[in-house]
Amino acid sequence: TPLGAHLAALPVDSGMGKLLVLGCLFGIPQDVCVLAAALSARSPFLAGGKDKMKEIDKRRLELAAGLESDHLMRVVLFQKWEQLGKSKPAARSWCRTNNLDNQVFEAVAEMRTHLLGVLVEQGFAPRALLGRGT
């Protein structure tokens, strides 16, 4: 099928490809690329010792701030990290305070840029998005 041909050109499995294409059709290619990248990366939450688990769980609930989806939480956490300046001291400090892995966010940013580039190349997203917020 024509959709299948486009999905085969994407560097993700077919389910994730459909997510990316639908995100473009709904006009949110950047957000859906963050989501796809975040789901492809390991969890940004660092494991803590048993003595700190209650505190870590409490922080996770605070970070969720009413979100009803772990998937959306990953997007929101990434956006917050990006607003704080990515690998700048403020972002690294925020990650330490919230028991988050800065390197995971760096990997998500790199994958998001790659996925967005592929979507632009395939004609699903406008070229103007490249270099904007990436």
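User: Happy to dig in! How do the axes of helix α5 and helix α7 cross, and what makes the pair roughly perpendicular?

Analyst: Glad to help! In this predicted model, the axes of α5 (residues 70–83) and α7 (residues 102–121) come within 10 Å and cross at roughly 95°. Angles of 65 to 115 degrees count as roughly perpendicular, so α5 is roughly perpendicular to α7.

User: Which residues of α5 and α7 meet?

Analyst: From α5, Leu77, Phe78, Trp81 and Glu82 take part. Their partners in α7 are Asn102, Phe105, Glu106, Val108, Ala109 and Arg112.

User: What makes glutamate 82 and arginine 112 a salt bridge?

Analyst: The closest N and O atoms of the two residues are 2.7 Å apart, and the cut-off is a side-chain nitrogen of Lys or Arg within 4 Å of a carboxyl oxygen of Asp or Glu. The pair therefore counts as a salt bridge. Glutamate 82 lies in helix α5 and arginine 112 in helix α7, so the bridge ties together parts that are 30 residues apart in sequence.

User: Why is arginine 112 called buried, and glutamate 82 partly exposed?

Analyst: Buried means under 20% relative accessible area. Arginine 112 has 2%, so it is buried. Glutamate 82 has 22%, which puts it between the cut-offs of 20% and 50%, so it is partly exposed.

User: How do you know that lysine 86 belongs with this pair?

Analyst: Lysine 86 forms a salt bridge with glutamate 82, with the closest N and O atoms 4.0 Å apart. Glutamate 82 also bridges arginine 112. Salt bridges that share partners join Glu82, Lys86 and Arg112 into one network.

User: How many salt bridges does the whole structure have, and what does the one between aspartate 101 and arginine 42 tie together?

Analyst: There are three in the whole structure. Aspartate 101 and arginine 42 meet through their side chains at 2.4 Å, N to O. Aspartate 101 sits in the loop between α6 (89–97) and α7, and arginine 42 in the loop between α3 and α4 (53–64), so their bridge ties together parts that are 59 residues apart in sequence.

User: Are aspartate 101 and arginine 42 buried or exposed?

Analyst: Aspartate 101 is buried, because its 11% is under 20%. Arginine 42 is exposed, because its 54% is over 50%.

User: Lastly, why is isoleucine 28 called partly exposed, and which surface patch includes it?

Analyst: Its relative accessible area is 41%, between 20% and 50%, so isoleucine 28 is partly exposed. Isoleucine 28 is in the loop between α2 (14–25) and α3 (29–40). Together with Leu22, Leu25 and Phe26, Ile28 forms a nonpolar surface patch of about 460 Å² accessible area.

Terms used:
Residues are numbered from 1 along each chain as its sequence is written. This is a predicted model: local features need pLDDT of at least 70, side-chain atom pairs count only at pLDDT 80 or more; totals for chains, interfaces and linings use all residues. Side-chain values use heavy atoms; hydrogens and water are left out. Patches are made of residues with over 30% relative accessible area and no salt bridge: like charges are joined within 9 Å, nonpolar side chains (Val, Leu, Ile, Met, Phe, Trp, Tyr) within 5 Å. Accessible areas come from the Shrake-Rupley method with a 1.4 Å probe; for residues, only the protein chains shown count as cover. Helices (H or I, at least four residues) and strands (E, at least two) are DSSP runs, numbered from the N terminus. Buried means under 20% relative accessible area, exposed over 50%, partly exposed in between (1.4 Å probe, protein chains only). Axes are lines fitted to C-alpha atoms, for helices over the stretch in contact, and angles run from 0 to 180 degrees between N-to-C directions. Angles under 35 degrees count as roughly parallel, over 145 as roughly antiparallel, 65 to 115 as roughly perpendicular and the rest as oblique. Contact means heavy atoms within 4.5 Å.
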